[in-house]
Amino acid sequence: MKRIAATDLIRNIGTFLRHAAEGPVTVTSHGRDNSVLISATAYRALVANQIRAAALPTGGTAADPAPERDAKAKNDRDRADRF
């Protein structure tokens, strides 16, 4: 991953926007990592992956929704047994 100082980013924004299109660019401030510059395409992919991961049922995967379905069926049976 490319690393640049914030002052270099300010002076050469166009250059580093092109670098970000190729991969993440770490921006440092006072020698410490501060931010990461990524392309809009990479950002959209990152957000989409987070949304997909948040939508997955607990204990299962997108390819295997059975654990959630089985747990719901068990809960439904338990409720029916109470009445």
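1. How many salt bridges does a search of the whole structure find? The search finds two. Keep in mind that this is a predicted model. Each bridge is taken in turn below.

2. Start with arginine 3 and aspartate 33. Their side chains meet in a salt bridge, with an N to O distance of 2.2 Å. The pair links distant parts of the chain. Arginine 3 belongs to strand 1 (residues 2-5), and aspartate 33 to strand 3 (residues 32-37). The two residues are 30 residues apart. Aspartate 33 is partly exposed, at 48% relative accessible area.

3. The other bridge joins aspartate 8 to arginine 11. Here the closest N and O atoms are 3.9 Å apart. Both residues sit in helix 1 (residues 6-11). They are three residues apart, or about one turn of the helix. Aspartate 8 is partly exposed, with a relative accessible area of 30%. Arginine 11 has 63% relative accessibility, so this residue counts as exposed.

4. Now the interior. Which residues make up the largest nonpolar core? There are seven: Ile4, Leu9, Phe16, Ala20, Val25, Val27 and Leu37. Helix 2 (13-22) supplies at least two residues of this core, and so does strand 2. In soluble globular proteins, nonpolar side chains tend to be buried together.

5. Valine 27 is one of the core residues. Setting aside neighbours within four places in sequence, valine 27 is in contact with Ile4 and Leu9, among others. Its further contacts include Ala5 and Ala6, along with Arg32, Asp33, Asn34 and Ser35.

6. Threonine 28 is found in strand 2 (residues 25-29). Is threonine 28 buried or exposed? Its relative accessible area is 13%, under the 20% limit, so threonine 28 is buried. Again leaving out neighbours within four places in sequence, threonine 28 is in contact with Arg3, Ile4, Ala5 and Ala6. Asp33 and Asn34 are contacts of threonine 28 too. Thus both partners of the bridge between arginine 3 and aspartate 33 appear among the contacts of threonine 28.

7. Last, the surface. Met1, Val36, Ile38, Tyr43 and Leu46 make a nonpolar surface patch of about 520 Å². Isoleucine 38, one of these patch residues, lies in the loop between strand 3 and helix 3 (40-55). Isoleucine 38 counts as partly exposed, at 30% relative accessibility.

How values were computed:
Residues are numbered from 1 along each chain as its sequence is written. This is a predicted model: local features need pLDDT of at least 70, side-chain atom pairs count only at pLDDT 80 or more; totals for chains, interfaces and linings use all residues. Side-chain values use heavy atoms; hydrogens and water are left out. Helices (H or I, at least four residues) and strands (E, at least two) are DSSP runs, numbered from the N terminus. Buried means under 20% relative accessible area, exposed over 50%, partly exposed in between (1.4 Å probe, protein chains only). Contact means heavy atoms within 4.5 Å. A nonpolar core is a set of buried Ala, Val, Leu, Ile, Met, Phe, Trp, Tyr and Cys residues joined through side-chain atoms within 4.5 Å. A salt bridge is a side-chain nitrogen of Lys or Arg within 4 Å of a carboxyl oxygen of Asp or Glu. Patches are made of residues with over 30% relative accessible area and no salt bridge: like charges are joined within 9 Å, nonpolar side chains (Val, Leu, Ile, Met, Phe, Trp, Tyr) within 5 Å. Accessible areas come from the Shrake-Rupley method with a 1.4 Å probe; for residues, only the protein chains shown count as cover.
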